[in-house]
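Biologist: I would like to learn how to read salt bridges and burial in a model. Could we go through some cases?

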Amino acid sequence: MERGKPDRRRFLRDSAALAGVALGATRIASGQESADSDPGLAHLKAVHAYGQRSSFEKSIRIGNNGLDRPAPGVPRDLGMRSPLQDVVGILTPAPLHYMINHNYEPPNIDPQKHRLMIHGMVDRPMIYTVEDLKRLNPVTRVHFVECRANSVPQRKARTMPDATAQVTHGLSSCSMWTGVPLSLLLQSSGLKKGASWIVAEGADELLHSKSIPLEKAMDDCLVVYGQNGEALRPEQGYPLRLLTPGYQGINNVKWLRRVKVVDKPYMFKMESDDYAEIRPDGKNRWFDSQMGPNSVITRPSGGQHLPGPGFYAISGLAWSGGGSVRRVEVTTDGGTTWKDAEIQQPVHRKAYTAFSFGWDWTGEETLLKSRSTDETGDVQPSVAEYAKIWNLPAGYLESGQGGFTGNFCAIQTWRLKRDGSVENALFS
Ligand SMILES: Nc1nc2c(c(=O)[nH]1)N[C@H]1C(S)=C(S)[C@@H](COP(=O)(O)O)O[C@H]1N2
Ligand SMILES: [Mo]
């Protein structure tokens with residue numbers, strides 16, 4: 001009978017669905033087989049099972065050296081810069097988050113096998129699985145991560161007229177991170193008297209390790225497993241990473257597997273030598289980790305082109321390791337006059353903050369700059385002020401010679417030319 005058919009079909013469908021639930025993995029595996037033999041289904045799975053951006057969107061990460069590929073011959077340090085000029089809003093899409101791996105390719109870690117050990121000067125050493133951590137109350141926060149080498153003038157590509165915002169500021173990114181407060185794990189283990197530092201260690205081949213003051217660890221550090229609504233990317237430390245909001249990138253240990261509570265910094269090569277700033281006056285800044293107030297105009301910025309005189313929103317990003325961004329000023333006349341830009345919500349502490357400033361361009365050549373102030377009243381320095389803070393001799397930064405300065409947060413200048421092209425003009 002005709003009427004019987006739909007019911008029978010539904011019965012078959014429902015029992016197939018139930019069988020799918022009961023058989024679990026087996027059922028999915030046989031489904032994959034049929035997708036392979038059915039090109040239409042294979043296409044759906046390949047393209048839509050995990051979404052891809054429009055084929056018209058071409059923005060990509062580029063090599064740390066400012067080229068569209070990593071530097072050849074540096075197999076132990078893989079760096080990729082984030083395309084700041086293309087990012088919309090305050091979150092960096094995870095596939096475009098900048099990346100610094102001192103150990104080249106990220107390890108491919110099975111989260112079921114991964115463990116995080118808390119030990120050292122604690123009453124109760126603990127070993128956590130990723131699932132153990134997910135049983136705890138999660139916290140979600142928006143924070144930037146920034147390499148201390150971001151923007152340093154010693155990198156040649158950074159001072160060239162054709163540098164884009166990706167080349168000048170692309171060793172930083174901002175994500176929404178989800179995990180648990182490190183303080184919760186440390187408290188549960190019980191801190192012993194005299195504990196004053198932690199040493200965090202990653203599960204990469206080189207066991208990237210970093211000493212961090214216990215005060216910071218107990219303040220706002222997180223052990224995170226989530227990034228922008230999904231699991232951390234392998235490049236960002238899957239399945240677990242330490243997040244040290246506002247501190248130099250190197251502290252944010254990826255593939256985190258161990259936190260040892262200790263009573264002194266361990267002075268690893270990277271923190272006592274490579275990452276410590278030996279200034280021209282011979283002085284050193286060990287563990288001076290907090291990133292300063294920073295900002296960059298991303299539209300219009302280096303490599304972009306304005307079609308002609310008229311209205312433009314000058315927009316960009318501001319951030320500070322000191323807390324939330326309270327104010328951003330913009331100058332469209334090379335620094336003669338500064339005006340407040342509009343700060344866009346949401347504003348998070350130690351996170352990218354978007355700003356914009358409506359402007360009528362007359363068509364004349366001019367210099368554009370932005371300057372941020374954070375909640376502690378810290379103001380982003382000019383290049384000259386930055387040189388003063390770090391006690392650098394005149395012309396030191398401009399020369400491109402000498403050692404790394406690090407934490408370079410000086411005001412960025414873009415030159416807008418009469419033909420509408422935009423150039424990097426850091427030292428103007
Ligand atoms: N395990 C491990 N953690 C690491 C690194 C590393 O090489 N290995 N690089 C550090 C440095 S120098 C920076 S700047 C940040 C970069 O974070 P990202 O790659 O997620 O952008 O990770 C830090 N954490
Ligand atoms: Mo870094």
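Modeller: What follows covers salt bridges, then one residue in a strand. This is a predicted model, in which local features need pLDDT of at least 70, side-chain atom pairs count only at pLDDT 80 or more, and totals for chains, interfaces and linings use all residues. Residues are numbered from 1 along each chain as its sequence is written, and side-chain values use heavy atoms, with hydrogens and water left out.

Biologist: How many salt bridges does the structure hold?

Modeller: Side chains of opposite charge can pair when their charged atoms come close. A salt bridge is a side-chain nitrogen of Lys or Arg within 4 Å of a carboxyl oxygen of Asp or Glu. The structure holds 16. In one of them, Arg257 meets Glu201 at 2.7 Å, N to O. Arg257 lies in strand 13 and Glu201 in strand 8, so the pair ties together parts 56 residues apart in sequence. Strands (E, at least two residues) are DSSP runs, numbered from the N terminus.

Biologist: Is Glu201 buried or exposed?

Modeller: Buried means under 20% relative accessible area, exposed over 50%, and partly exposed in between (1.4 Å probe, protein chains only). Glu201 has 7%, so Glu201 is buried, whereas Arg257, at 35%, is partly exposed.

Biologist: Which residues are linked in a network of salt bridges?

Modeller: Arg327, Glu329, Asp340 and Arg371 are.

Biologist: Where is the place of Thr353, and what does Thr353 touch?

Modeller: Thr353 is in strand 21, residues 353–361. Thr353 counts as buried because its relative accessibility is 0%. Contact means heavy atoms within 4.5 Å; not counting residues up to four places away in sequence, Thr353 touches several residues, including Ile90, Leu317 and Val347.

Technical notes:
Chains are lettered from A and ligands numbered from 1 in the order in which they are written. Helices (H or I, at least four residues) and strands (E, at least two) are DSSP runs, numbered from the N terminus.
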